[in-house]
Amino acid sequence: MDFQIRSVFNLLILSSLFCSLASAKERTGSILFIDGNSHQYLRNDVVQSRLMTPVEVGAAVSVLLGFAPPVTLSAAGSSKLNEVLMPNPFDRPGAVFLLEVTGVNDLVASENVMSSNAFKRKFALDSDKAQIELPGEEVSVISLDEKLGDFTDKELSDLVSWLGGSYIVNGLESLNGELIIPLASGANLKLHMSKKADREFIESLLTLFHNSKRAIELHEDLSQAIHGPAELIMGHFHGIKALQEQYGREVVQQGLELLVATLSKMVDSFQVAYKGQIVGVIISNERSTLESEKLLNVMFTSWPSARWLAEAEGSNATDTAIMEVALVRKTLAWLTGLILLISTLIGIYLLLNMPLTRDTLLYSNVKLD
């Protein structure tokens, strides 16, 4: 009987272990770092073996924007940042393109497609979310997720032309045409706006395309300032999941290939607009969450200046306490001024009544008998 109980207990332990391993496998993804074309801000000469967490990725984004990482970052996390970022703290791009892609665990060796300055690293989802702490007055955050509302066939045609394809407009009904886009593999991806999954995927691509152009236009305005703010361009792409729910592996793979081509052209546009002073960070994972949920969220912080530190601590004090503090300060000021006045008068009196033979400072060259 004891042997049977022990066997069942061991079986439960093994089952829980396998389940935890499977869960750990599911809660991993990949992160793609894309360096600037004309300047190196990232290190790819170190063996990238350790997994990065959302907190560490958020800290890396903060440092790339030119700010200090959060004080809560562990020593292991700081070591991982040293493996990714160049050590010079005075040479940061000040601009980051951050995108989270859900529904895919890996962007299919996209570091060879995106840029020769890209490298990939494993991503561990040890926590659901992390915060990117930034000073609000010094950072411009541009969202790539703003909905377009009502778009037209003309905007769809512009997107497809940008991707090298064609859009066959339905003459009887608007926004009901067919998109034919050639892929790098030689195949043609055909999507029809009348199909729900195709429409969601295309709308997600169109949102990225439209908002990336808006981000470049905003950067041109901000670059006119003498000391422009740091710029964070961030978004969340969920169009792959729409294809996964409707089609098989082949169509999903083609959709992923089109996404990689879109991101590659976006990165090239950003590099030209920012003159190489921008770093791309693309996170991909298969987690199934709501579209509005993101792994990384921006939290604006503000620190009081040094002259207001004492005031901030007693901001909730009563009127009586404030009056007492003001009285003490005024008394100290009057006492200090009175002491300085008395000292000055005594010094003048002693100077005027000092014998000439004792005043060596004024009459050092005078020889008296």
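Me: Two strands pair if DSSP finds at least two bridges between them. How do you know that strand β1 and β10 pair?

Reply: β1 (residues 28-34) and β10 share 6 bridges. The cut-off is at least two, so they pair. The sense is antiparallel. Ile34 stands opposite Gly280 in β10. Strands here are DSSP runs of E, at least two residues; helices are runs of H or I, at least four; both are numbered from the N terminus. This is a predicted model: local features need pLDDT of at least 70, side-chain atom pairs count only at pLDDT 80 or more, and totals for chains, interfaces and linings use all residues. Residues are numbered from 1 along each chain as its sequence is written, and side-chain values use heavy atoms, with hydrogens and water left out.

Me: What makes strand β2 a partner of β10?

Reply: 7 bridges join β2 (residues 95-102) to β10, and the two run parallel. Val96 has Val279 of β10 as its bridge partner.

Me: Why is the sheet called open, and what is its strand order?

Reply: The 6 strands run in the order β3-β1-β10-β2-β9-β5, with mixed pairing. β3 (118-124) and β5 (139-143) stand at the edges. Each has a single partner strand, so one side of each lacks a neighbour in the sheet. From one strand to the next, the twist averages 20 degrees. That angle is taken between N-to-C directions of lines fitted to C-alpha atoms, on a scale from 0 to 180 degrees.

Me: What joins edge strand β5 to β9?

Reply: 5 bridges do, and the strands run parallel. β9 covers residues 230-237. Ser140 has Glu231 in β9 as its bridge partner.

Me: Why is β10 called largely enclosed?

Reply: 7 of its 7 residues are buried, so β10 is largely enclosed by the rest of the structure. Buried means under 20% relative accessible area; exposed is over 50%, and partly exposed lies in between (1.4 Å probe, protein chains only). Both faces are covered. Val279, Val281, Ile283 and Asn285 are on one side; Gly280, Ile282 and Ser284 are on the other.

Me: What makes helix α2 largely enclosed?

Reply: In α2 (residues 54-64), 10 of the 11 residues are buried, so the rest of the structure largely encloses it. Among them are Pro54, Glu56, Val57 and Leu64. Just after α2, Gly66 takes a positive phi of about 100 degrees.

Me: Why is the pair of Phe201 and Phe237 called edge-to-face?

Reply: The ring centres are 6.1 Å apart and the planes meet at 85 degrees. Rings of Phe, Tyr and Trp (its six-membered ring) pair with centres within 6.5 Å; planes under 30 degrees apart are stacked, over 60 edge-to-face, and the rest tilted. Both values satisfy these limits, so the pair is edge-to-face. Phe201 is in helix α6 (residues 196-222) and Phe237 in β9, 36 residues apart. Phe201 has a relative accessible area of 0%, so it is buried. Phe237, at 1%, is buried too.

Me: What makes Phe270 and Tyr274 an edge-to-face pair?

Reply: Their centres lie 6.4 Å apart, with 70 degrees between the planes. Phe270 is buried at 2%, and Tyr274 is buried at 5%. Phe97 joins these two residues in one aromatic cluster. The structure holds 5 aromatic pairs.

Me: How do you know that Ser204 is buried, and what does it touch?

Reply: Ser204 has a relative accessible area of 10%, so it is buried. The residue is in helix α6. Contact means heavy atoms within 4.5 Å. Leaving out residues up to four places away in sequence, Ser204 touches Phe237, His238 and Gly239.

Me: Why is Lys265 said to lie over the face of Trp162?

Reply: Lys265 is 5.3 Å from the ring centre. The test puts NZ of Lys or CZ of Arg within 6 Å of the centre and within 35 degrees of the ring normal.

Me: Why is Lys275 called exposed, and what is its phi?

Reply: Lys275 has a relative accessible area of 67%, so it counts as exposed. Its phi is near 55 degrees, a positive value in a residue other than glycine. Most residues other than glycine have a negative phi. Lys275 is found in the loop between α8 (249-273) and β10 (279-285).

Me: What does the model show across the UniProt "transmembrane region"?

Reply: The annotation comes from an unreviewed UniProt entry and covers residues 332-352. Over that stretch the chain is 100% helix and 0% strand. The end C-alpha atoms are 31 Å apart. UniProt annotations may be inferred rather than shown by experiment.
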